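Trainee: Got a minute to walk through this model with me? I'd like to go over its salt bridges, pockets and sheets.

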Amino acid sequence: MSVKQLLLPVAAEHFQVRPDITFLNHGSFGACPRPVFATYQQWQSALEADPVEFLGRRIDDLLREARLPLATYLGTQADHLVFVPNTTAGVNIVARSLQLGPGDEVLATDHEYGASDRTWRFLCTQRGMSYINQPIPLPLESEEEMVEQFWQGVTPRTKVIFISHITSPTALIFPVAKICQRAREAGILTVIDGAHAPGQISLNLEEIGADFYIGNCHKWLCAPKGSAFLYASPEHQSLLQPLIVSWGYESLKPGISSFQDYFGWVGTDDPAAFLSVPAAIAFQQEHNWDAVRAACHELAASARQEIASLLGTQLICSENWLGQMCTIQVPDGDPLALQRTLRETWHIEMPVVVWNNHRYIRLSIQGYNSPADVERLLTALHAIFVQ
């Protein structure tokens, strides 16, 4: 089926993205629907109307109420979750808390997000441990082959596995449940970077079986910016220490664990983004988002096939490795120059990256996108590379 024949459910009117920009970069920061953004502003107004009552007396209950629908959505329990402002903050909490030192190894892939790579490398310079990016070559074939390639990096010194659920540079859905199971059998802790997963694919954190899982709500779940979560399995919650020591550190609130206390109150802040997460979940449920996601996947898969055919490049995986994002190789060159040309000449916003010495574009398709958006991208790529 061609791009022109695909139809997406009507959702564009619910979003605030600029109509004069072909926005194909939902994966970077997301986009918040109008009704969810209105809820966000209502929470901010409620805070400003009665700050002491809101932050001094109500906040614990409000955060607990917000975690309940998120926990149901993620297939876990509310007490296993805390809110954090973004995945990078959550990764830092876990990485800095784990007692790792000289001779210890953290195993990741060569598909990880740059900020996460930097977090682990920074700690390596402080503690003398090693951070190893195991190569996962493209194109990908079976999940079993990918797991075996990754496991070749495991040694007796491997103490932690850190891996993305959906990779940032290559947009691949890794089989993290299989990796977590194998790691558990080997006595290795698992930390999953799920920045792109919530809202893009179905999740059941208990079935995945990670020791720690960090995910954004502001990307594909379409909550306001500054909303993410950290999941910690009950047996490992005591390992986590706060990045910011505040009132929760020595608190003895009845019915609230140290895990909730450490991260529930880190000083005066605006919790409106956290409290708006249930509205984002409700918005997607009300608009049959399973169908929206399926249509977005179909459009992304069709688009990458047409782009690869246009440019004569090889696909990096089969369709089953992808959600609503896909990465397509383009002729090598300056990534910033291509991104600038797409934005300034063609009014198309999308990331251009260099991964393993080759240049790629990453295409995100969300409910506000249409086949016409992809057609504009195809026209631009034809003008840039073919004519």
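**Salt bridges, pockets and strands**

Trainee: Let's begin with one residue: is R293 buried or exposed?

Mentor: Keep in mind that this is a predicted model. For comparison, R182 has 28% relative accessibility, so it counts as partly exposed. R293 has a relative accessibility of 12%, and the cut-off for buried is under 20%. So R293 counts as buried.

Trainee: Which residue forms a salt bridge with R293, and how far apart are the closest N and O atoms?

Mentor: Look in helix α12, which covers residues 289-311. The partner sits three residues away from R293 in that helix, so the two are separated by about one helical turn. The partner is exposed, with a relative accessible area of 54%. It's D290, and the closest N and O atoms are 3.1 Å apart.

Trainee: How many salt bridges does the structure hold?

Mentor: D290 with R293 is one pair, and E148 with R182 is another. The structure holds twelve.

Trainee: Which parts of the chain does the pair E148 and R182 link, and how many residues apart are they?

Mentor: The two side chains meet in a salt bridge at 2.7 Å, N to O. E148 is in helix α6 and R182 in helix α7, so the pair links distant parts of the chain. E148 is partly exposed, at 42% relative accessible area. The separation is 34 residues.

Trainee: Which side chain meets E143 in a salt bridge?

Mentor: E143 lies in helix α6 (residues 143-151), and its partner is in helix α7 (residues 176-186), so the pair ties together parts that are 35 residues apart in sequence. E143 is partly exposed at 29% relative accessible area, and the partner is partly exposed too, at 36%. The N to O distance is 2.8 Å, and the partner is K178.

Trainee: On to the pockets. What volume does the largest pocket have, and which element gives the most to its lining?

Mentor: Its lining is made of 34 residues, and F83, F263, G264, V266 and F274 lie nearest the centre. The elements giving two or more residues to that lining are α3 (51-74), β2 (81-84), α4 (87-97), α9 (258-264) and α10 (272-275). The volume is about 640 Å³, and the element that gives the most, with six residues, is α3.

Trainee: How many residues of each class are in the lining of the largest pocket?

Mentor: Five of the lining residues, F83, F263, G264, V266 and F274, lie nearest the centre. Phe and Val count as nonpolar, whereas Gly counts as polar. Over the lining as a whole, the tally is 20 nonpolar, six polar and eight charged residues.

Trainee: Which element supplies the largest share of the lining of the second largest pocket?

Mentor: About 360 Å³ of space lies in that pocket. Of the 19 residues lining it, S28, F29, Y113, S168 and K219 are the closest to its centre. By class, the lining has four nonpolar, twelve polar and three charged residues. Both α1 (26-29) and α4 supply at least two residues, but the largest share, three residues, comes from α1.

Trainee: Now the open sheet. Which are its edge strands?

Mentor: Seven strands form the sheet, in the order β2-β8-β7-β6-β5-β3-β4, with mixed pairing. Neighbouring strands are turned by 20° against each other on average, direction ignored. An edge strand pairs on one side only, and here those are β2 and β4 (130-134).

Trainee: Which residue of β6 stands opposite S164?

Mentor: Strand β5 covers residues 158-164 and strand β6 residues 189-194. The two run parallel and are joined by five bridges. Opposite S164 in β6 stands D193.

Trainee: Why is strand β9 largely enclosed, and which residue in β12 is the bridge partner of M325?

Mentor: Strand β9 covers residues 325-329, and four of its five residues are buried, so it is largely enclosed by the rest of the structure. β9 pairs with strand β12 (residues 358-364) in the antiparallel sense, over five bridges. The bridge partner of M325 in β12 is S364.

Terms used. Residues numbered from 1 in each chain as written. Predicted model: local features only at pLDDT ≥ 70, side-chain atom pairs only at ≥ 80, totals over all residues. Heavy atoms only, no water. Salt bridge = Lys/Arg side-chain N within 4 Å of Asp/Glu carboxyl O. Buried < 20%, exposed > 50% of the residue type's maximum accessible area, 1.4 Å probe, protein only. 1 Å grid on protein atoms, 1.4 Å probe; cavity = no way out; pocket = protein on both sides within 12 Å on 5 of 7 lines; lining within 4 Å. Points joined across faces, edges and corners; volume = space filled by probe spheres on them. Pairing = 2+ DSSP bridges. Axes fitted to C-alpha atoms, helices over the stretch in contact; angles between N-to-C directions.
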